[in-house]
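Me: I would like to learn how to read a protein model feature by feature, starting with how strands are paired. Could you take me through one?

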Amino acid sequence: MKPFLSSDDLDMSPVFRTGRPVRFATGAKIADIDDLMKHSLLITSGVIRISILTDSGRERLLFYGPAGSLIGDHITFGDHSDVPQGIQVHAISVVEALKMSHHDLRMACAAQPEVLMRLLSWAYGKIGTLIDQLEAATFRDTAAQVAALLEAFHMESRRVGPGGCNGLLDLTHQAIASATGRTRVSVTQALNRMQLAGIIALRRGHIDVLDEGRLAQIATEGIGSQKLL
């Protein structure tokens with residue numbers, strides 16, 4: 001699973017300073033294609049899941065994204081026809097965001113050429129990554145999905161810091177299974193394999209990330225493509 005492109009290396013909060021603050025409960029739908037045609041969102045806290053509904057009604061996971069993720073900017077600056085009609089975004093934890101119309105975002109970026117060029121690059125990069133993810137979604141193994149989820153929660157947990165008392169990695173196997181759409185048995189097997197490899201440590205109701213690099217590698221490439229375990 002390729003990582004979702006975010007604004008980690010560029011503070012987008014000044015651009016979104018006039019954005020409307022919104023908050024979503026765990027499991028809530030943040031946006032679908034109709035919403036994204038009108039607005040962009042900057043995720044300021046929490047973790048999101050970006051997926052697509054197929055014609056048969058099945059959900060295919062594409063990305064997890066932590067705080068700093070931008071949603072809808074590829075529609076602001078890109079070609080609307082490149083965006084899959086079934087795309088949707090849900091909150092995996094409590095999520096806070098700033099919401100702006102595409103018109104307002106374009107106007108805000110026009111005054112900051114460097115930001116505009118970076119966002120244009122991201123927008124087209126997201127389209128390419130999205131196409132790759134759509135092609136690979138059917139074949140992604142459980143370990144890759146679990147690793148991607150843990151990576152997103154770990155990134156958000158680090159952002160909040162030890163004083164945040166966020167409890168983001170206080171995850172049960174069933175909660176991970178529900179978030180990824182995989183069975184509890186397959187999730188447990190994936191977690192156990194990663195623990196045996198020294199990538200994570202499992203405690204009752206909590207997961208510690210020990211090796212960020214290898215976790216990211218599994219999230220991107222899956223277990224089968226690398227002799228990690």
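Reply: Let us begin with the term that pairing rests on: two strands pair if DSSP finds at least two bridges between them. Keep in mind that this is a predicted model. Here strand β9 (residues 200-203) and strand β10 (residues 206-209) pair in the antiparallel sense, over four bridges. Within that pairing, I200 has V209 of β10 as its bridge partner.

Me: How many residues lie between the strands in the hairpin of β9 and β10, and which residue takes a positive phi?

Reply: That hairpin has two residues between its strands, and G205 is the one with a positive phi, near 75°.

Me: Before going further into detail, what are the overall counts of helices and strands, and what share of the residues count as buried?

Reply: The protein has eight helices and ten strands, and of its 229 residues 49% count as buried. As for how the chain comes together, among contacts between residues at least 6 apart in sequence, 77% join residues at least 24 apart.

Me: How should I read the order of strands in an open sheet, and which strands stand at the edges?

Reply: The general idea is that strands of a sheet pair through backbone hydrogen bonds, either parallel or antiparallel. In this structure, one open sheet of four strands has the order β1-β8-β3-β6, with antiparallel pairing. β1 (20-24) and β6 are its edge strands, each with a single partner strand, so one side of each is left without a neighbour in the sheet. Further in, six bridges join strand β3 (residues 39-45) to β8, the two running antiparallel, and H39 has S101 of β8 as its bridge partner. Helix α3 (residues 102-110) lies across β3 and β8, and runs at about 85° to β8.

Me: What is the strand order in the open sheet that contains β2 and β5?

Reply: The order there is β2-β7-β4-β5, again an open sheet of four strands with antiparallel pairing. Its edge strands are β2 (29-32) and β5, each of which pairs on one side only, and the twist averages 25° from one strand to the next. Inside the sheet, strand β4 (residues 48-53) and strand β7 (residues 87-91) pair in the antiparallel sense over five bridges, with H90 in β7 as the bridge partner of R49.

Me: Turning to the loops, is S93 buried or exposed, and what does its side chain reach?

Reply: The cut-off to apply is that a residue is buried under 20% relative accessible area. S93 is found in the loop between β7 and β8 (95-101), and because its relative accessibility is 7%, S93 counts as buried. The side chain of S93 reaches the backbone nitrogen of V47 at 3.0 Å. Another loop residue, S69, is found between β5 and β6 (70-71), and with a relative accessible area of 0% S69 is buried as well. The side chain of S69 reaches the backbone oxygen of P66 at 2.8 Å.

Me: How do I read a nonpolar core, and which residues of the largest one touch the most other members?

Reply: In soluble globular proteins, nonpolar side chains tend to be buried together. The largest nonpolar core here has 29 residues, of which L150, I176, L191 and M194 touch the most other members. Those supplying at least two residues each include β5 (59-65), α5 (142-160), α6, α7 (184-196), β10 and α8 (212-221), and α5 gives the most, with eight residues. Domain 1 (20-136) and domain 2 (141-221) both give residues to this core, so it lies between them. Leaving aside neighbours within four places in sequence, I176 is in contact with V146, L149, L150, L171, V187, L191 and I207. A second, separate core of 19 residues includes I43, I48, I50 and I87.

Me: Finally, why does H173 count as buried, and which residues does it touch?

Reply: H173 lies in helix α6 (residues 173-180), and it counts as buried because its relative accessibility is 19%, where the cut-off is under 20%. Not counting residues up to four places away in sequence, H173 touches R184, V187, T188, L191 and L202. For one of these pairs, H173 and V187, the separation is 14 residues in sequence and 6.5 Å in space, C-alpha to C-alpha.

Terms used. Residues numbered from 1 in each chain as written. Predicted model: local features only at pLDDT ≥ 70, side-chain atom pairs only at ≥ 80, totals over all residues. Heavy atoms only, no water. Buried < 20%, exposed > 50% of the residue type's maximum accessible area, 1.4 Å probe, protein only. Contact = heavy atoms within 4.5 Å. Core = buried A, V, L, I, M, F, W, Y, C linked by side-chain atoms within 4.5 Å. Domains from an automatic or database assignment. Axes fitted to C-alpha atoms, helices over the stretch in contact; angles between N-to-C directions. Polar contact = N/O pair within 3.5 Å; in protein donor to acceptor, adjacent residues only side chain to side chain.
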